[in-house]
Every structure is written in structure tokens, then in C-alpha cells.
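User: I'm new to this one and would like to know how the labels people put on it are earned. Could you take me through them?
Analyst: Sure, have a look first and then ask away.

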Amino acid sequence: MVATGVDAGDFTEAFALLNKLLGGDARFVQAQYEPTKYDFVPTIVGQFDVVSCMAFLIHVPEPLHLLRYIADRARHAVFLWSGFPRDDAMIVRYPKLHQFSNLPFPWSFDAGVAISDSLLIYAMSEIGFPNVVEILPPADGWPPVCGNPLMAPYEPLRGFLFTRSTGVRVTEPQLRGIGRRIRDFGESLVSRI
Ligand SMILES: C[S@@+](CC[C@H](N)C(=O)[O-])C[C@H]1O[C@@H](n2cnc3c(N)ncnc32)[C@H](O)[C@@H]1O
């Protein structure tokens, strides 16, 4: 397995430590997603079998563009963990501006952005991932409930696994393996398995 983690912060040391402890070979790329460009700088090259994006969709003002970006890089599956309000209406919920950045409007919607679960599932289907399962929290408390006030109204984050309609299907045991690896590494936005 080769896993690649991406974040604007520098997690090089954390990756080195986890690789040592777990015997892995995950690499880390420090990159900033630029909402005006709909791309990471430096850009993320190539495709991956599975792309996971955890607690990051909330930080982008136009989450549908990020979904497209992720889907274009995933060969087989996409795992998303974020705030997805239960709503039959296809809506994007915007919180306050300027929670982290000094970017101008509308890029200043930088935390707590959430799309409804119906819009998420509709959008992912439209961009090639019509199969969806919600990964419910197991008894051991993963994924944790988010008590972050930025996520107002407070809501537990939810995890969804999407797979493509054709090609290799992710099986149940593989799915559990992916979940375990994500939990072990905690920080992987992009994974190649
Ligand atoms: C809520 S944390 C989630 C961290 C990790 N993905 C996890 O699941 O534990 C949000 C992460 O998004 C990163 N982040 C926020 N804005 C970003 C941007 N524009 N580009 C890249 N990373 C960003 C932050 O550095 C932070 O590590």
C-alpha cells in the first residue's frame, strides 16, 4: 500500500512517526487548496485507487468543485467524512465568514460549510460514483462526534463511501481495511491502496 496524505499544515514528522510505529510507507505532501483556482498548490499529480477527504469539505466555499476534483482523482472509491446535514432539499449551508482566513468574499467562507446529504449523493452520482454506503460509527466511537463550535448547528460528522458504477468494486472486507487504515493514519486525504 502506498498512501499519500495532503494538508496545508506540515505533518511530515507525524507521518514519519506513524510510518515507524506502524511499519508503513505513507508519504506526506504539504499543499494548500486554493479556492479561487479549484486546485491544490502544488497540484496533486496522478490518480489514486481510493481518495479520502476528512473534515476538509467544510473549509472550502464551493464544496461541489472539490467533489469534482476528488472524483477526478479516484479510480475506484471516494470516502468523505464531513458535516452533511440531513435534508431532502439540495442545499449548501454557509456559516460566518472569515473564521480562519483573510480571503475576500466569497472565498472567506472558510469553515463550517456543509452540503446536505441529498445534494452530496446526487452530486457524487452525477460525477460517476452512484453507489453509496454510509459508514456508521462503530461501538468503539469512531468516527468521533464533532463538538466543534464552528460546525454550528453542532452535528456529528458523517462518513460516506462512494464507488464507481463500473470497474473494480470495493468489497466489504476491503472497506473495513480502508476504514482501519484511515483510522490508524488519521490524516490521510488521498490514499493509494
Ligand atoms: C478539521 S481538520 C481535519 C484534519 C484531518 N483531515 C482529519 O481528518 O483529522 C482540517 C484540516 O484542513 C486543513 N486545511 C484547511 N484549509 C486548507 C486548505 N485551503 N488547503 C489545505 N488544507 C487545508 C487544515 O490544515 C487542517 O489540518
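User: What makes Ala55 count as partly exposed?
Analyst: Keep in mind that this is a predicted model. Ala55 has 16 C-beta neighbours inside 10 Å. Buried takes 20 or more and exposed takes 12 or fewer, so Ala55, with 16, counts as partly exposed.

User: Where does Ala55 lie, and what is its phi?
Analyst: Ala55 lies in the loop between β5 and α2. Its phi is positive, about 55°, although Ala55 is not a glycine.

User: Which residue in the loop between β3 and β4 has a phi near 55°?
Analyst: That's Tyr38: its phi is near 55°, a positive value in a residue other than glycine. Tyr38 lies in the loop between β3 (32-34) and β4.

User: Why is Tyr38 called partly exposed?
Analyst: There are 13 other C-beta atoms within 10 Å of Tyr38. The exposed label stops at 12 and the buried label starts at 20, so Tyr38 with its 13 is partly exposed.

User: How do you know which label Val29 gets?
Analyst: Count again: Val29 has 17 C-beta neighbours inside 10 Å. That falls between the cut-offs of 12 and 20, so Val29 counts as partly exposed.

User: What does Val29 touch, and where does it lie?
Analyst: Val29 lies in strand β2 (residues 27-30). Leaving out residues up to four places away in sequence, Val29 touches Thr4, Val6 and Ile44. What about Gly9, 20 residues apart from Val29 along the chain? The C-alpha atoms of Val29 and Gly9 are separated by 9.5 Å.

User: What makes β5 a mostly covered strand?
Analyst: Five of the seven residues of β5 are buried. β6 is mostly covered as well, with seven of its nine residues buried. Across the protein, 30% of the 193 residues count as buried.

User: How do you know that β5 and β6 pair?
Analyst: Pairing needs at least two bridges between the strands. β5 and β6 have six, in the parallel sense, so they pair. Among the partners, Val50 is matched with Ala77 in β6, and Ser52 with Phe79 in β6.

User: What about β6 and β10?
Analyst: Six bridges join β6 to β10, and these strands run antiparallel. Leu80 stands opposite Phe160 in β10.

User: Which unit do β5, α2 and β6 make?
Analyst: A β-α-β unit, and a right-handed one. The whole protein has four helices and 11 strands.

User: Which residues have the most contacts inside the largest nonpolar core?
Analyst: They are Val51, Ile70, Ala74, Ala77, Val78 and Phe79, in a core of 29 residues. β5 (48-54), α2 (63-73), β6 (74-82), β8 (114-115), α3 (117-126) and β10 (158-163) each supply at least two residues. β6 gives the largest share, six residues. A second, separate core of six residues includes Phe11, Phe15, Leu18 and Phe28.

User: Why would nonpolar side chains gather like that?
Analyst: In soluble globular proteins, they tend to be buried together.

User: How many of the contacts link residues far along the chain?
Analyst: Taking contacts with a separation of 6 or more, 71% are between residues 24 or more positions apart.

User: Which peptide bonds are cis?
Analyst: One joins Val41 and Pro42, with omega about -5°. Another joins Phe105 and Pro106, with omega about 0°. Pro42 sits in the loop between β4 (39-41) and β5, and Pro106 in the loop between β7 (92-93) and β8.

User: What is the average pLDDT, and which stretch is below 50?
Analyst: The protein averages a pLDDT of 81, and 75% of the residues score at least 70. Over residues 179-193 the pLDDT is below 50. Beyond near neighbours in sequence, that stretch has 46 contacts in the model. Where pLDDT is low, the predicted coordinates should not be read in detail.

Methods: Residues are numbered from 1 along each chain as its sequence is written. This is a predicted model: local features need pLDDT of at least 70, side-chain atom pairs count only at pLDDT 80 or more; totals for chains, interfaces and linings use all residues. Two residues are in contact if their C-beta atoms, placed from the backbone, lie within 7 Å. A nonpolar core is a set of buried Ala, Val, Leu, Ile, Met, Phe, Trp, Tyr and Cys residues joined through C-beta atoms within 7 Å. A crossover is right-handed if, with the strands pointing away from the viewer, the path from the first strand over the helix to the second runs clockwise. pLDDT is the predictor's confidence in each residue, from 0 to 100.
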